[in-house]
Amino acid sequence: MENITIYDLFDLKETIAAELFAGAEYPWEVLPKIHDFIIELGKRLPEEFYEKRGEDIWVAKSARVAPTACLNGPLIIDEEAEIRHCAYIRGNAIVGKGAVVGNSTELKNVVLFNKVQVPHYNYVGDSILGFKAHMGAGSITSNVKSDKTLVSVKGKEDFLETGLKKMGAMLGDCVEVGCNSVLNPGTVVGRNSNIYPTSMVRGVVPADSIFKSQKEIVAKRK
């Protein structure tokens with residue numbers, strides 16, 4: 001299948017959660033492990049840089065968290081991250097260095113690498129967003145199939161069974177998702193690709209591509 005392994009999609013130097021991916025080949029394999037990983041990592045975070053806020057919630061002292069944001073653990077918010085007004089973090093979330101979680105954005109069982117932006121009315125669930133990935137206003141991950149069957153990742157000619165009932169999207173480093181797009185369960189978008197606004201995306205989008213529609217995915221000009 002297309003290049004969709006962890007090392008194809010992500011620079012692991014750009015996340016505090018690099019150890020989470022050890023021993024895995026595909027990124028969705030780590031989704032069931034996020035909860036326990038956060039608790040173990042949180043206990044090891046240096047108190048000079050992180051403070052514990054409530055049960056299993058660790059927030060970097062340099063992070064900015066709006067008083068109206070709702071934080072539920074397990075949760076790690078890394079240095080210089082910004083959690084804006086009325087953000088809702090349901091738990092099992094790692095928010096990377098310099099990341100932005102915006103107004104009315106909801107997170108659940110996710111890893112956001114450093115510099116990720118989900119700044120306006122986004123839902124991100126059971127997903128992993130690589131370094132500098134950006135989701136435009138109103139774009140969301142859909143993480144459960146309508147028939148409630150297990151999620152598959154579909155390429156051009158074959159597919160991989162994930163064994164998961166809940167899986168949203170895996171966005172490689174520097175992916176740009178246009179406003180009001182829906183990323184269907186099992187979506188994988190390769191590094192440096194762009195998704196047109198109002199798109200409905202499913203399956204694998206190759207790296208360095210522009211997704212205009214499900215039938216029109218073109219390579220970027222070099």
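What covers the buried residues of α2? The cover includes the strands β2 (57–60), β5 (75–77), β8 (93–95) and β10 (106–112). This is a predicted model, in which local features need pLDDT of at least 70 and side-chain atom pairs count only at pLDDT 80 or more, while totals for chains, interfaces and linings use all residues. Residues are numbered from 1 along each chain as its sequence is written, and side-chain values use heavy atoms, leaving out hydrogens and water.

On α2 itself, the buried residues (under 20% relative accessible area with a 1.4 Å probe, protein chains only) are I34, F37, I38, I39, L41 and G42. Helices here are DSSP runs of H or I with at least four residues, and strands are runs of E with at least two, numbered from the N terminus.

Now for the rings. The structure holds four aromatic pairs: rings of Phe, Tyr and Trp (its six-membered ring) pair if their centres lie within 6.5 Å, and planes under 30 degrees apart count as stacked, over 60 as edge-to-face and the rest as tilted. Two of the pairs are set out here.

| Pair | Centre to centre | Angle between planes | Type |
|---|---|---|---|
| F10 and F21 | 6.2 Å | 50 degrees | tilted |
| Y26 and W28 | 4.9 Å | 5 degrees | stacked |

F10 and F21 both lie in the loop between α1 (6–9) and α2 (34–44), so their pair ties together parts that are 11 residues apart in sequence. Both F10 and F21 are buried, and ring pairs link them with F113 into a cluster. Y26 and W28 are both buried too.

Key: Buried means under 20% relative accessible area, exposed over 50%, partly exposed in between (1.4 Å probe, protein chains only). Contact means heavy atoms within 4.5 Å.
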